[in-house]
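User: I would like a close look at one part of this model, with the terms explained as they come up.
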Amino acid sequence: MHEIVIISGKGGTGKTSLTAAFAHLARNKVICDLDVDAPDLHLLLDPHHDREVEFWAGNEARIVEDKCQQCGLCKEMCRYGAVIEHDDGRFSIDSLRCEGCHVCVTFCPDEAINFPEKHCGQWFTSTTRFGPMVHARLFPGEENSGRLVALLKQQARELAEQQGLDLILSDGAPGIGCPVISSLSGTHLAVLVTEPTPSGRHDLKRVAALCEHFRIPTAVIVNKFDLNLAETASIETYCREKNYPIIGHLPHDPVITEAMVRKRAVTEIQDTELGTRIKEAWLEIEKRIS
Ligand code: SF4
Ligand code: SF4
């Protein structure tokens, strides 16, 4: 089984549109949306949920008012300012600030603080017109996205095994943080999508360095390459120096917006140059994992 993840080092590079197109072109695969903080692949693939599971992770402190003697020790000890003292002398915990460090629970003299698991979101296995999909929704402000990504990857592997599929195609998270690192684990090829701007080049360097650190083979796609040919040349020079293969130059094309509005992958729209270039890039990817 092979695993491919599409990442970009930042949002807004066209990564998800490209993943949807690859999902259209790839055979025998499980599609996986690992951008759990801001998932949007479902908007293009319109999944039907076959299974919906609540995601619980980490813990948060909660004061039991009946037991609390209002001594204020928890407020003194909380380094995150999560304990709120009310005008009437009551204490409560701001769940958005609580880091779940357990200090207040340990030191409360009256054992008045509970420490339940946090309900952070949901994950799904679904059916789409391109095949099975694993995805999730993390509630706003919730953490543990790296853990949820690892869980989704595991579910995708199990689904692939059950259904005899040999590829996991994942839309990764933007940036280089915990969810991206988690999404790279076990990956055979990271497809790095960039755009010809100084920030696009900067973010490409960061995410490429991350892949290099974890020894993940990479392939680069320059999206909207024709919007700034000087920047595209600069990305090409960098990739040549670092030995990162560029497998696609995709032109700026308003058809991408049309595809989004119609909730379609761009390759589902007939006879476009962009679609042709994406198909060529996909053939390059297939060569690299075969
Ligand atoms: S330390 Fe315990 S008893 Fe004291 S205010 Fe906090 S919850 Fe209440
Ligand atoms: S668990 Fe830690 S972060 Fe949360 S309220 Fe208690 S001391 Fe503060």
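Which residues that surround ligand 1 are the closest?

Analyst: This is a predicted model, in which local features need pLDDT of at least 70 and side-chain atom pairs count only at pLDDT 80 or more, while totals for chains, interfaces and linings use all residues. Residues are numbered from 1 along each chain as its sequence is written, and chains are lettered from A and ligands numbered from 1 in the order in which they are written.

The closest residues to ligand 1 are Cys-68, Cys-71, Leu-73, Cys-74 and Cys-108, out of 13 that surround it. A residue counts as near a molecule if its C-beta atom, placed from the backbone, lies within 6 Å of it. By type, the shell around ligand 1 holds nine nonpolar residues, three polar and one charged. Here Ala, Val, Leu, Ile, Met, Phe, Trp, Tyr, Cys and Pro are nonpolar, Asp, Glu, Lys and Arg are charged, and the others, including Gly, are polar.

Elsewhere, helix α1 (residues 15-25) has ten of its eleven residues buried, so the rest of the structure largely encloses it. Among the buried residues of α1 are Lys-15, Phe-22 and His-24. Buried means that 20 or more other C-beta atoms lie within 10 Å of the residue's own, with C-beta atoms placed from the backbone; 12 or fewer means exposed, and in between is partly exposed. Helices (H or I, at least four residues) and strands (E, at least two) are DSSP runs numbered from the N terminus.

Strand β11 (residues 189-194) is also largely enclosed by the rest of the structure, because five of its six residues are buried. Strands pair if DSSP finds at least two bridges between them. β11 runs parallel to β1 (residues 2-7), joined by four bridges, and parallel to β12 (residues 218-223), joined by five.
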